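Me: Could you take a close look at the salt bridges in this one for me? I'd like to hear who pairs with whom and how accessible the partners are.

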Amino acid sequence: MSTSTRSAFDEVNEKVSQAGAILGLKDGVVQALQQCEREVVVSIPLRRGDDIEVLTGYRVQHSSARGPRKGGIRFHQDVDLDEVRALASLMTWKTALIDVPFGGAKGGVTVDASTLTDLEREEIIRRWTRSIHHVLGHQRDIPAPDMGTDARTMAWLMDEFHRLEGFQPACVTGKPVELFGAPGREEATGRGVAMIAAATLEQHREKVKGARVAIQGFGNVGKFTALVCQELGFKVIALADVSGGIIDRNGIDVEEIMKYRMIRDVPSYDKTNSAEVLEQRCEVLIPAALGGVITNANADQINADYIVEGANQPTTADADWMLRGKGSVIVPDILANAGGVMGSYFEWTQNIQQYSWPIDKFRRELDSRMSRAFEDVFKEAKSHSIDLRTAAFVLAVKRVAAAYALRGSLV
Ligand code: NAD
């Protein structure tokens with residue numbers, strides 16, 4: 001967890017201010033871009049045993065300047081309004097950066113997902129959907145999975161939405177393939193992270209084959225990142241999830257590990273823990289679990305040449321500054337993990353057209369559009385002599401500010 005005194009939302013807004021200053025935007029315009037358009041907070045009473053537990057649910061819509069708002073829904077015990085605002089804002093910058101016709105939003109429910117039965121999970125997402133369906137829809141705001149939610153959760157969300165608003169499969173993405181999901185979407189975030197990691201090494205004239213990678217998080221993002229990294233020739237030397245970590249400097253067999261529910265159940269390999277995975281000597285470190293895991297308290301112990309942010313906001317602003325001072329290159333979340341929302345965009349368009357792409361086309365389009373975004377960010381960084389995170393924000397803020405101005409929302 002972050003030891004910074006700035007909140008997660010403050011940290012995103014600092015980057016927006018910085019980008020605004022580089023672009024010469026007026027203060028009022030920057031402030032307008034920093035604010036969230038709408039925030040909905042709902043209570044979710046959940047039957048548990050013979051009593052009721054009242055949970056809190058959120059949907060924050062940050063921006064619709066470039067299209068319907070888009071963003072995941074997270075079930076986690078640390079979810080609060082500030083975190084949801086930060087993540088909603090990041091979605092605005094991410095969708096602009098990869099140039100898909102969406103704005104930004106995020107949702108969440110403050111609950112420890114690991115304690116939920118399937119029935120409880122279903123009750124929560126149905127209640128969340130019923131409470132806020134008036135602000136959702138395929139042209140308004142389109143949720144997707146995030147930490148603690150998955151394709152199954154999105155199927156229940158879609159079903160509940162259909163009961164209230166009629167058939168509209170594009171109202172949510174990340175659905176099961178059997179129920180209007182797109183083959184390729186589930187792996188898209190991890191695939192994008194791995195492709196961006198490889199592209200970063202190549203850009204710095206380093207070999208991908210045999211490059212050591214350590215990954216924290218082994219859920220949707222971490223698993224597919226590890227798998228595709230292995231396919232690309234990386235050597236995955238350390239992996240962790242919430243239950244523990246494993247390490248093998250000769251390389252872990254990722255497919256083998258995928259057979260186990262939790263990393264602590266894996267019988268082979270030396271054991272380590274989640275914090276130590278972050279500190280391994282490696283070429284590429286990929287935090288792919290929680291936010292705020294690389295802070296000024298552990299930045300000195302990070303031993304990676306490249307940090308590719310699979311998770312959202314894994315590096316605090318202080319740690320970012322310290323690591324860059326040590327010579328590490330940080331590929332920011334809004335670029336590195338944007339394969340997920342790129343994949344969601346493909347699913348949304350297919351649902352609207354009632355037409356399904358084969359997985360090869362999905363992967364080709366994903367790879368080509370992620371490479372384009374990667375090149376755009378590197379060019380921007382070079383032309384302004386700035387780091388990659390600042391460059392990504394400059395590009396994204398430029399596009400959103402232009403949309404605002406053209407819509408006439410700002411005078
Ligand atoms: P998930 O729920 O599928 O997996 C989360 C993983 O993190 C699990 O393996 C869990 O055990 C692990 N974890 C939790 N606490 C941990 C800890 N203290 N130490 C080590 N591991 C821990 O979630 P996900 O969808 O893979 O999301 C992971 C991150 O990626 C989040 O920051 C999310 O916002 C971001 N992200 C997800 C997507 C997506 O498409 N799912 C897209 C973009 C960004």
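**Salt bridges up close**

Reply: Let's start with R126, which is buried at 13% relative accessibility. Keep in mind that this is a predicted model. The partner of R126 is D159, and their closest N and O atoms sit 2.9 Å apart in a salt bridge. R126 belongs to helix α4 (residues 118-132) and D159 to helix α5 (residues 151-165), so this pair ties together parts that are 33 residues apart in sequence. D159 itself is partly exposed, with a relative accessible area of 28%.

Now for D333 and R389, another salt bridge, with 3.9 Å between the closest N and O atoms. The cut-off is within 4 Å, so a pair at that distance still counts. Here the link runs between helix α11 (residues 333-336), home of D333, and helix α14 (residues 388-407), home of R389, so parts that are 56 residues apart in sequence get tied together. Both ends are tucked away: D333 is buried at 2% relative accessible area, and R389 is buried too, at 9%.

Back to R126 and D159 for a moment: they're part of one network, in which salt bridges that share partners also join E122, R130, E160 and R163.

Then there's K259, whose side chain meets that of E256 in a salt bridge at 2.9 Å, N to O. K259 is exposed, at 63% relative accessibility, while E256 is partly exposed at 27%.

As for the overall tally, the count comes to 32 salt bridges.

How values were computed: Residues are numbered from 1 along each chain as its sequence is written. This is a predicted model: local features need pLDDT of at least 70, side-chain atom pairs count only at pLDDT 80 or more; totals for chains, interfaces and linings use all residues. Side-chain values use heavy atoms; hydrogens and water are left out. Helices (H or I, at least four residues) and strands (E, at least two) are DSSP runs, numbered from the N terminus. Buried means under 20% relative accessible area, exposed over 50%, partly exposed in between (1.4 Å probe, protein chains only).
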